[in-house]
Amino acid sequence: MALSKKLILVIGATGAQGLAVIDKLLGPTADGTPSPYAIRALTRDPHGRRAKELADKGVELVKGAFGDFPSVLAALQGVWGVWTNTDGFTVGETKEVYAGMRIFELAKQVKSVRHYVWSNLDYATKNGRYDPEYQCGHYDGKGRVAEWMKAQPSVVSDDDMSWSVVTSGPYMDMLNFPMLGPIGQRSDGTFVFAAPIGDGHIPMIALEDLGFFARYSFDHRAEVSGKDLEVASDWVSWEHLVATFTKVTGLKAEYVRQSYDEWCANRLGTDVPVANERGSVNDGSTTWKENFRGFWALWRDDVITRDFDWLRKVNPHGYTLESWMHAKKYRGANVAGQTLLKNVEDDKGFGLDKDSIDKLLAKA
């Protein structure tokens, strides 16, 4: 590791987002010179497949977890920057809020940290004017931490810590499996995109574009200090999604409008806790079904928006839905997409109800 490089700790390094962020941070600068950054990754399993792939890229691995604060404090020693992406699907909303605040405090405690970035999601309940219809735990947990951070000083100097927030949303890459992608094909080959989104939109973010804004945040410390960068790649309705899919692939596709309960009927395990550390028994905590009801309501009613004029100005080479489909040679949900999310790879998400889906696909 070159001594002149700025060391950045990535928390959440082996997830889909962490991998994309690290790739961008290690990439060359615009003029082709080597990256000014080196990476330290906090991981629960340094011997796991994803961790080993990071080590092959020269990433330093440190064993620990974001809720194990002594391991976080040890990993923070000597770093210049921090990218923190906690996982509410592991610990749940309440623990995520505390962990997000505590990690920030530990970063302040370590005198070497100069820029701290919180990877955020929109504060759904606040954006929805505190209407419980829009309550979504894995969004609210992160959003509350960002709100708290905005009350903290952000100091750009050689001996203090500045901070910024990058607020993203559903990954465009999730079109590779049935959460956002097609649920299946009819007998005539038509791809069926079924969702309870009505005429609403999702501000999708391609993982490469999220990586761009992570790198931008560290490259432009003074400019982003104390700011919340609300990012996305494209503003996607399901009518636009289906039309773009057909335009790019030449394949037939259909948007099936569903109620939220109909969407849940296509899935298994929606009545278990959304925090997978709680196991598969309903213990009274927030369930997958309860959590994602607010998630889809946000998009259905266009509660969350983005400033695409600013986004295109800052990231002029960022993706649109169409350019992403071309670049990825997208042709609908595929097997490779099943391993995009770490929790899906670890078999901790909800499954699909084959019988329910077969009935949906059989309908004319």
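Buried here means under 20% relative accessible area, exposed means over 50%, and partly exposed is whatever falls in between, using a 1.4 Å probe and protein chains only. What follows concerns a predicted model, where local features need pLDDT of at least 70 and side-chain atom pairs count only at pLDDT 80 or more, while totals for chains, interfaces and linings use all residues. Residues are numbered from 1 along each chain as its sequence is written, and side-chain values use heavy atoms, with hydrogens and water left out.

Let's start with two loop residues and their backbone angles. Asp302 is partly exposed because its relative accessible area is 28%. Arg129, at 77% relative accessibility, counts as exposed. Neither Arg129 nor Asp302 is a glycine, yet phi is positive in each. Helices (H or I, at least four residues) and strands (E, at least two) are DSSP runs numbered from the N terminus.

| Residue | Phi | Relative accessible area | Loop between |
|---|---|---|---|
| Arg129 | near 55° | 77% | H6 (124-127) and H7 (137-149) |
| Asp302 | about 50° | 28% | H12 and H13 (308-314) |

Now for the interior. A nonpolar core is a set of buried Ala, Val, Leu, Ile, Met, Phe, Trp, Tyr and Cys residues joined through side-chain atoms within 4.5 Å. The largest one has 76 residues, and those with the most contacts inside it are Leu175, Met179, Leu180, Trp238, Trp296 and Trp299. Helix H12 (residues 288-300) gives the most to this core, with seven residues. Apart from it there is another core, of 28 residues, with Leu7, Leu9, Ala38 and Val113 among them.

Trp238 deserves a closer look. Contact means heavy atoms within 4.5 Å. Setting aside neighbours within four places in sequence, Trp238 touches Leu180, Phe193, Ala195, Ile197, Gly200, Ile202, Met204, Tyr255 and Trp296.

What about strand S6 (residues 162-168)? Seven of its seven residues are buried, so S6 is largely enclosed by the rest of the structure. Both faces are covered: Ser162, Ser164, Val166 and Ser168 are buried on one side, and Trp163, Val165 and Thr167 on the other. Two strands pair if DSSP finds at least two bridges between them. S6 runs parallel to strand S5 (residues 115-121), with seven bridges joining them, and Thr167 is the bridge partner of Asn120. Strand S10 (residues 228-230) also runs parallel to S6, through three bridges; there, Val165 stands opposite Asp228.

There is also an open sheet of three strands, in the order S7-S8-S12, with mixed pairing. Its edge strands are S7 (184-185) and S12 (253-257), each pairing on one side only. S7 and strand S8 (residues 191-195) run antiparallel and are joined by two bridges, with Gln185 opposite Phe191. Helix H10 packs on this sheet and touches S8 and S12, its direction making about 165° with that of S12. Axes are lines fitted to C-alpha atoms, for helices over the stretch in contact, and angles run from 0 to 180 degrees between N-to-C directions.

H10 (residues 238-249) has a helix partner too: its axis comes within 10 Å of that of H14 (residues 321-328), and the two cross at roughly 40°. That makes H10 oblique to H14, because angles under 35 degrees count as roughly parallel, over 145 as roughly antiparallel, 65 to 115 as roughly perpendicular and the rest as oblique. At this contact, His240, Leu241, Thr244, Phe245, Lys247 and Val248 in H10 meet Leu321, Glu322, Met325 and His326 in H14.
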